[in-house]
Amino acid sequence: MTSVEDIDVIEELARLPTLAHPTVSPDGSEVALYYDGSGRNELHVLDVASGELRQWSDGEVPRNARWYLEWGADGDRVFFHLDEGGNEQNDVHALHRDGTVEPVVEMDGQVSVNDVGADGETLLLGSSRDGQMNVYSHDLTSGETTKITDYDRAVWTADLSPDGDAVAYATNETDDYDNRDVYVADADGSNPRNLDIGEVGAEATPADWGPDGDRLLVGDNSEDLGRIGVYDLTSDDVRWLGDGEFEEAPTAFLPGGDRVVGTRDRDAVTVPVVYDLETGEGREFDIPDGVATFGQYPGAGDPVVDEDHVVVTHTTPTKRPELLLYDLATDEYETLVAAEHGPFDRADFADAEYFTVDSDGVPETAAEAVDHDPSDELEIGALLYDSGERPSPLVVNPHGGPRGRDSMRFDIYTQVLAAQGFSVLKVNYRGSTGRGREFVERLIEDWGGAEQGDVAIAAEDVLSEYDWLDDERVVVFGGSYGGYSAYWQLVQYPDLYDAGVAWIGLTDLEDMFENTMPHYRTEIMEKYMGTPEDNPDLYEQRSPVTHADNLDAPLFVVHGVNDRRVPVSQARIFRERLEDLGYDAGEDFEYEELGEEGHASSDQEQKLRMFRMLTDFLDRRV
C-alpha cells in the first residue's frame with residue numbers, strides 16, 4: 001500500500017463492510033444477504049427495483065457469516081443458521097419481515113437447510129443428528145422432523161422437485177471411496193433410484209430441478225474436467241453441455257427451462273456461463289476477469305431474478321465483493337450493492353500476478369521429515385502479490401480445503417500482510433480444485449507429500465526469480481488445511497522458513513479422524529487417507545506432530561476453542577509435544593486460543609483480533 005497515511009490501516013481493513021450469501025426471493029423482487037456495514041453481521045434485504053437496502057435483523061443472526069440464507073416460500077421470512085460461538089452445530093431459525101424471530105428446527109448435530117418446498121410447508125434439511133450427514137424433512141405446520149435417508153456416507157445437496165413429490169440428492173454406496181452418485185427418491189425417501197450418471201469413481205451432483213420437474217441440472221467429472229449436464233428423467237438420458245475445455249459447474253435453470261447457468265474456472269479466474277438448451281450453445285458473461293459467482297457455496301441460494309436477469313457477486317484482487325444484476329438479453333449489468341473500500345483506493349491494494357511453475361514435488365530444499373521420490377511433473381499455478389516493500393519479506397500462504405483454490409479475488413488477509421510490507425505467495429498445489437478430477441485425486445494417500453513439495457518449489461522459484469524478495473525473511477502462514485501445510489512446511493523444509501503461523505491447522509491425523517464431525521471424517525479424512533486402522537503408518541508419518549523436533553523457526557499457533565471441523569485438541573497436542581521436547585513457550589513458539597470462535601470468523605472484531613496477533617508476531621519475529 002502506498003497512499004494511505006495517518007490511519008490505523010489494520011483496523012480500517014478489518015472494518016471494511018462485506019456482503020455475503022445473496023439469495024433471490026421467490027418472486028424475484030428482493031435479495032436477502034448478510035452485510036456488516038453497521039460493524040456487526042446483520043441480515044439485510046435489497047429491493048431489486050429501487051436499490052434500497054433494508055436491515056431486518058438486530059443482533060439475532062450469527063456474528064460470523066459463514067452459513068448461507070434461504071427464503072421462505074411466501075417471501076415473508078428468511079431462514080438462517082444459528083450456532084453457539086462458531087461451533088457450527090447449527091439450528092435453523094427464521095426472521096420475519098416484521099422483525100420477529102422464531103426457532104424452526106432445533107436438534108443435535110449440525111443442521112443446514114438444503115431446500116424450501118414451494119408449498120410453503122416443507123424444509124429439506126441436512127443433519128448429522130444421528131452421526132452421519134443425512135437428509136431430513138421438516139413439516140413447518142406440525143413442527144415434526146422426519147429422517148428420510150440413512151446412508152453410511154454423507155448425503156449432499158438435497159433438492160425438492162417443484163411439486164414436492166420427489167427429492168434429488170448425492171451420496172455413495174459403491175466400494176469406490178471416490179465415487180458420488182445422483183439419486184432421485186419419493187419425497188419421504190422411499191424408492192431411491194441411482195441415476196448412474198457418469199462412471200464409477202467420478203463425482204456427480206444435482207444442482208436444480210427443471211420447472212416442470214421432468215429434468216435435473218447435474219454436474220459430473222467422469223471426463224476429468226467438471227461438466228454441466230441436463231438429465232431427462234423420462235428418457236433417462238443426460239445431455240452434456242460445453243466443449244470440455246474448462247472446469248465447469250452447474251447452478252440453476254432459468255424460468256421457462258430453456259437455458260441454464262453455471263460457472264467456469266480458467267487458471268485463477270471464475271466466470272459465469274449460460275447455455276441455450278435448444279442449440280447447445282454457451283457463452284461467458286461479459287464481466288471483467290476476477291471471480292464472479294452465484295454465491296459462496298454451490299447450490300446455496302437462488303440467483304435467478306427473472307428469465308433474463310440473475311444476481312452475481314464479483315470481486316478482483318483489488319476490488320471488494322460487489323453485487324451485480326446481470327442482463328442476459330443485453331450482456332450488460334448494473335451494480336446493486338457497490339464494493340466499499342473505506343479510506344482506501346483500489347490502487348492501495350496489492351494486485352496479483354498469476355504464473356505457473358513446473359513441479360515434480362521434490363524441491364531443492366532438503367526434506368527433513370519424509371523423503372519422497374519425484375512425482376509426475378505438473379504445471380502448478382500460483383499468485384504473487386507484491387507489497388511494494390524493497391527488499392520485501394515473503395509470506396507463503398497455502399490455501400485450505402484441501403479441495404480449495406486460490407483465485408483472482410479480494411483476500412483480506414493478503415491485504416493485511418501487504419500493508420505490513422509482506423509480499424504474499426499463494427499456490428494451487430496438486431489436489432486443488434479447478435483443474436479436474438485427476439488433479440484433485442493426486443492428493444489421495446499423499447497428504448504431506450508432493451503437494452507440499454509444490455508449495456516449496458513455488459517459493460523457491462519466486463525467491464530466485466525476484467531479487468527484491470528477501471530470502472532471509474520467509475514465513476509460512478495458513479489456516480485449516482493451510483494450517484496443516486504451515487506446520488508441515490516448517491517440519492519438512494525447515495531450511496526454507498524463518499517463521500511460521502499455523503491457524504486452526506491439523507497436527508495429529510489420528511486425533512483429527514477421531515474427533516472431527518462425522519461427514520468430515522468420511523468425506524475428507526477417510527476419502528484421502530483411509531482409516532488409522534487401515535493405514536496407521538501413513539497417519540503417523542504424515543502428522544506434523546510426529547516430526548515436531550524438526551521445528552527450527554519461531555512458530556505461532558492459533559486456534560479457536562469452538563472449532564468442530566479441526567478441534568482445538570490439534571493445537572494442544574502440538575503444544576504439549578513441543579514442551580516435551582524442551583521448546584520454550586514464548587521463546588521458541590507462541591500459542592493462543594481464541595474464545596467464542598470456531599473455524600475462523602468473518603466478524604469484524606474477531607478478524608481484527610486475529611489481524612493484530614498476526615501482525616504483532618510478524619513484526620517482532622520477522
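Buried means under 20% relative accessible area, exposed over 50%, and partly exposed in between. The exercises below apply to a predicted model.

**Exercise 1. Classify Asp 406, Asp 236 and Ala 600 by burial, and place each in the chain.**

Solution.
- Start with Asp 406. Its relative accessibility is 6%, so Asp 406 counts as buried. Asp 406 sits in the loop between strand E32 (392-396) and helix H2 (412-419).
- List the neighbours of Asp 406. Leaving out residues up to four places away in sequence, Asp 406 touches Ala 268, Leu 383, Asn 397, His 399, Lys 426, Val 427 and Asn 428.
- Take Asp 236 next. Relative accessibility here is 39%, so Asp 236 is partly exposed. Its loop runs between strand E19 (227-232) and strand E20 (237-241).
- Finish with Ala 600. At 17%, Ala 600 counts as buried because the cut-off is under 20%. Ala 600 belongs to the loop between strand E37 (589-594) and helix H10 (604-621).

**Exercise 2. Examine the backbone at Asp 236, Ala 600, Pro 391 and Pro 402.**

Solution.
- Recall the background. Most residues other than glycine have a negative phi, and most peptide bonds are trans.
- Check phi. Asp 236 has a positive phi near 60°. Ala 600 has a positive phi of about 75° and is not a glycine.
- Check omega. The bond from Arg 390 to Pro 391 is cis, with omega near -10°. The bond from Gly 401 to Pro 402 is cis, with omega near 0°.
- Place the prolines. Pro 391 is in the loop between strand E31 (378-385) and E32. Pro 402 is in the loop between E32 and H2.

**Exercise 3. Test the length of helices H5 and H4 against 1.5 Å a residue, then judge how covered each helix is.**

Solution.
- Work on H5 (residues 481-492). H5 has 12 residues, so the expected span is 16 Å; the end C-alpha atoms are 16 Å apart, which agrees.
- Work on H4 (residues 450-465). H4 has 16 residues and reaches 22 Å from first C-alpha to last, close to the 22 Å expected.
- Compare with burial. In H5, 12 of 12 residues are buried. Among them are Gly 482, Gly 483, Trp 488 and Gln 492. In H4, 13 of 16 residues are buried.
- Look at one residue of H4. Val 455 lies in this helix. Val 455 is buried because its relative accessible area is 1%.
- Trace the contacts of Val 455. Beyond four places in sequence, Val 455 touches Val 396, Pro 398, Val 427, Tyr 429, Gln 489 and Tyr 497. Gln 489 is one of the buried residues of H5.
- Add a distance. Val 455 and Gly 361 are 94 residues apart in sequence and 8.4 Å apart in space, C-alpha to C-alpha.

**Exercise 4. Describe the nonpolar cores.**

Solution.
- Take the largest core. It has 65 residues, and those with the most contacts inside it are Leu 425, Trp 447, Tyr 497 and Leu 555.
- Find another core. Apart from the largest lies a core of 40 residues, including Ala 14, Ala 352, Ile 412 and Met 613.
- Return to Leu 555. Its contacts beyond four places in sequence include Tyr 487, Leu 490, Phe 574, Phe 589 and Phe 617. Tyr 487 and Leu 490 are among the buried residues of H5.

**Exercise 5. Characterise the largest pocket and the second largest cavity by volume and lining.**

Solution.
- Begin with the pocket. Its space is about 960 Å³. Of its 34 lining residues, the closest to the centre are Asp 115, Val 116, Asp 208, Trp 209 and Asp 302.
- Sort the pocket lining. It has 18 nonpolar, 10 polar and six charged residues.
- Name the contributors. Strands supplying at least two lining residues include E9 (111-116), E17 (204-209) and E21 (247-253).
- Turn to the cavities. The whole structure has four cavities of 30 Å³ or more. The second largest holds about 90 Å³.
- Identify the cavity lining. Among its residues are Asp 178, Glu 203, Arg 403, Arg 437 and Lys 527. Helix H3 (437-441) and helix H7 (518-529) each give two or more residues. H3 gives the largest share, three residues.
- Sort the cavity lining. It divides into four nonpolar, two polar and six charged residues.

Terms used: Residues numbered from 1 in each chain as written. Predicted model: local features only at pLDDT ≥ 70, side-chain atom pairs only at ≥ 80, totals over all residues. Heavy atoms only, no water. Core = buried A, V, L, I, M, F, W, Y, C linked by side-chain atoms within 4.5 Å. Buried < 20%, exposed > 50% of the residue type's maximum accessible area, 1.4 Å probe, protein only. Contact = heavy atoms within 4.5 Å. 1 Å grid on protein atoms, 1.4 Å probe; cavity = no way out; pocket = protein on both sides within 12 Å on 5 of 7 lines; lining within 4 Å. Points joined across faces, edges and corners; volume = space filled by probe spheres on them. Helix = DSSP H or I, 4+ residues; strand = E, 2+ residues; numbered from the N terminus. Nonpolar A, V, L, I, M, F, W, Y, C, P; charged D, E, K, R; others polar. Expected span 1.5 Å × (residues − 1).
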